[in-house]
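Reader: Could you walk me through how to read ligand sites and side-chain exposure in a model like this one?

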Amino acid sequence: MAFDFMGKTVFVAGGTSGINLGIATGFAEAGAQLFVISRNEDKVATAVEALKATGAQADGASADVRDFDAVTAAFEKCAGSFGDIDVLVSGAAGNFPARANDISSNGFRAVLEIDVLGTHHVMTAGYKHLKKPGGSIINISAPQAVVAMTGQAHVCAAKAGVDMITKTLALEWGPEGIRINSVIPGPIEDTEGMRRLAPTPEAMDAVVKSVPLKRVGRKTDMANICLFLGSEMASYLSGAVIPVDGGWYLNMPGTSLDPVLDMIAAQKNK
Ligand code: NAP
Ligand code: COA
């Protein structure tokens, strides 16, 4: 086992599917006790069972990160089950491909509220329960935070906001021994995000070609960077925004979602 999280508590917001469940699974396999939250009760129950199947202790709660009281109640439940938190991962997010003129006020607000307000809620409601010193917060960002992409104005704005929260709170909470970093996943296989942004084999093929390492990422790639960030090995690392993407973001200027947006428009016009 490369990392030992035996007896440590890890809380993952949005940890019931995709990348975030992959991260939770990595910590569970390293011996941690896991608490996961998301909106859908069935997804929470299924994720908790899957985490327990690794041999870890696991619990969860249904909560929308836009609802501060619900997030606060989830942290209280986690404290009752597992005590103070060693690693807090904030990864709940919303995304859909749409050009700015096709995004209503409510659509833009939904993504901003899940990503930015949600990150603020998870971090500030979780603060009370974080180990001080020693707590590590990992915010899950996206390439859109650093590279503009057509069809993603809402997500670019939201994830850039998440990364600025990472940096600002690294300043505010650093003196208490809390480290805060953002991880920027590249395109990760078998995820809802890629199903939405690269919904055809052709779109996926174009993505793979644009990654310098010529492969999409795996959930274990994301788990491994989070295990490192949550560990003592990263004890002097804070306020960083770390791409884990096979070098993808270096190639992104000049790419766009135009083919996908045109396909969606053609389907609507049928
Ligand atoms: P996903 O499976 O849809 O994961 C999103 C998770 O957040 C789910 O557990 C979802 O569960 C939860 N969630 C959504 N809205 C929520 C809300 N309002 N309150 C609480 N929980 C909420 O998608 P994914 O593709 O794995 O993405 C995971 C993270 O990685 C996101 O932060 C995304 O921006 C980032 N990312 C993904 C990729 C990629 O290649 N997929 C690339 C870059 C960055 P419920 O539906 O039950 O709420
Ligand atoms: N194009 C344009 N607007 C869209 C859209 C799309 N593909 N999908 C949703 N919207 C708009 C809706 O029309 C609505 O606006 P309106 O009230 O003006 O019509 C607004 O977004 C909110 O939609 P709603 O479904 O009520 O919001 P929600 O809070 O239930 O869901 C979303 C939030 C829209 C982000 C939803 O996609 C979601 O739950 N995503 C989580 C999973 C995810 O995105 N995973 C990938 C992470 S990278």
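Author: Gladly; we will take the two ligands, then a buried side chain, then a surface patch. This is a predicted model, in which local features need pLDDT of at least 70, side-chain atom pairs count only at pLDDT 80 or more, and totals for chains, interfaces and linings use all residues. Residues are numbered from 1 along each chain as its sequence is written, chains are lettered from A and ligands numbered from 1 in the order in which they are written, and side-chain values use heavy atoms, leaving out hydrogens and water.

Reader: Which residues come nearest to ligand 1?

Author: A residue is near a molecule if one of its heavy atoms lies within 4 Å of it. Around ligand 1 there are 31 residues, with Ser17, Ser38, Arg39, Gly91 and Thr191 coming nearest. Helix 1 (18–29) and helix 6 (192–197) each give at least two residues to this shell; helices are DSSP runs of H or I, at least four residues, numbered from the N terminus.

Reader: Which polar side-chain atom lies 2.9 Å from an oxygen atom of ligand 1?

Author: A polar contact is a pair of N or O atoms within 3.5 Å; within protein, one must be able to donate a hydrogen and the other to accept it, and residues adjacent in sequence count only if both atoms are side-chain atoms. Thr16 places a polar side-chain atom 2.9 Å from a ligand 1 oxygen, and Lys159 does so at 3.0 Å. From Ile188, a backbone N or O atom lies 2.9 Å from an oxygen of ligand 1. The protein covers 90% of the 880 Å² of accessible area that ligand 1 has on its own (Shrake-Rupley method, 1.4 Å probe; for residues, only the protein chains shown count as cover).

Reader: How much of ligand 2 does the protein bury?

Author: Start with its contacts: Arg66 has a polar side-chain atom 2.8 Å from a ligand 2 oxygen, and a side-chain N or O atom of Ser104 is 2.6 Å from an oxygen of ligand 2. Taken alone, ligand 2 exposes 930 Å², and the protein buries 56% of that.

Reader: Is His154 buried or exposed?

Author: Buried means under 20% relative accessible area, exposed over 50%, and partly exposed in between (1.4 Å probe, protein chains only). His154 is at 0%, so it counts as buried. The His154 side chain, in helix 5 (residues 153–173), reaches the backbone oxygen of Phe96 at 2.8 Å.

Reader: And where is Leu250?

Author: Leu250 sits in helix 9 (residues 248–251) and is exposed, with a relative accessible area of 60%.
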